[in-house]
Amino acid sequence: MVCPFCNKVETSVVDSRKNNEGNSIRRRRECPTCNLRFTTYEKAEIGILVEKRSGSYEEFDYQKLFRGIENAFGGLDLNEKQLKTLVDNIHNEIKSTGSKIKSDFIGETVLNHLKETNKVAYLRFASVYKEFSDASDFEKEVAEL
Ligand SMILES: [Zn+2]
């Protein structure tokens, strides 16, 4: 980390200390140029954990959500700002339910939003997400709209 006083050089750590819970580290750093000292805190940043159908976990990936929805709207009338707003609304809904969610919940949440926004995008996303095994599933979905 560069010195915040002179912005010149990499500072060195002179002392590291864990807090009582052991989940953060406080470091004293010293600048070899101006000799001033400052403190930094290091803490793990934990995102939302997604439980996949296989039972394994992965960290929630905003870019993946964005791309999935962007693909569903390919060629449709939706500008970048509207797309961002839609993805953020979905993201906020997902976040509000907790730090551990099932991957199916993400899919269902996206579908609920797309159903209200654009039927074509909804069907496209549904066909990817639900992995329709045959045409009758797809026709059933269309009939329900
Ligand atoms: Zn300095």
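Visitor: What arrangement do the four donor atoms around the zinc ion make?
Guide: Happy to start there, and please keep in mind that this is a predicted model. The zinc ion is coordinated by the SG atoms of Cys3, Cys6, Cys31 and Cys34, at 2.2 to 2.4 Å. Four donors count as tetrahedral if all angles lie between 85 and 135 degrees. The angles here are 102 to 127°, so the arrangement is tetrahedral.

Visitor: How are the donor residues of the zinc ion spaced in sequence?
Guide: The donors to look for are Cys3, Cys6, Cys31 and Cys34. Written as a pattern, their spacing in sequence is C-x2-C-x24-C-x2-C.

Visitor: Is Cys3 buried or exposed?
Guide: A residue counts as buried under 20% relative accessible area. The relative accessible area of Cys3 is 0%, so Cys3 is buried.

Visitor: And what is the relative accessible area of Cys6?
Guide: Cys6, which also coordinates the zinc ion through SG, is partly exposed. That class lies between 20% and 50%, and the value for Cys6 is 22%.

Visitor: Which residue other than glycine has a positive phi, near 65°?
Guide: Look in the loop between strand S2 (24–30) and strand S3 (37–43). The residue there is exposed, because its relative accessible area is 52% and exposed means over 50%. The residue with this phi is Asn35.

Visitor: How far apart do the C-alpha centres of domain 1 and domain 2 lie?
Guide: Let's place the two domains along the chain. The domain assignment gives 12–43 for domain 1 and 49–144 for domain 2. Their C-alpha centres are separated by 43 Å.

Visitor: Which residues lie nearest the centre of the largest pocket?
Guide: This pocket holds about 560 Å³ of space. Strand S5 (57–59), helix H1 (62–72), helix H3 (103–117) and helix H4 (119–129) each give at least two residues to its lining. The lining has 21 residues, and those nearest the centre are Lys64, Ser103, Ile106, Phe125 and Tyr129.

Visitor: How many charged residues are in the lining of the largest pocket?
Guide: Sorting the lining by class gives a useful view. Nonpolar residues number nine and polar residues three. The charged residues number nine.

Visitor: How far is Phe66 from His91 in space, C-alpha to C-alpha?
Guide: Phe66 is part of helix H1. Its relative accessible area is 14%, so Phe66 is buried. Phe66 and His91 are 25 residues apart in sequence, and their C-alpha distance in space is 9.4 Å.

Key:
Residues numbered from 1 in each chain as written. Predicted model: local features only at pLDDT ≥ 70, side-chain atom pairs only at ≥ 80, totals over all residues. Heavy atoms only, no water. Helix = DSSP H or I, 4+ residues; strand = E, 2+ residues; numbered from the N terminus. Buried < 20%, exposed > 50% of the residue type's maximum accessible area, 1.4 Å probe, protein only. Donors = N, O, S within 2.8 Å, 3.2 Å for Na, K, Ca; no water. Tetrahedral: all angles 85-135°; square planar, octahedral: opposite > 155°, others 65-115°. 1 Å grid on protein atoms, 1.4 Å probe; cavity = no way out; pocket = protein on both sides within 12 Å on 5 of 7 lines; lining within 4 Å. Points joined across faces, edges and corners; volume = space filled by probe spheres on them. Nonpolar A, V, L, I, M, F, W, Y, C, P; charged D, E, K, R; others polar. Domains from an automatic or database assignment.
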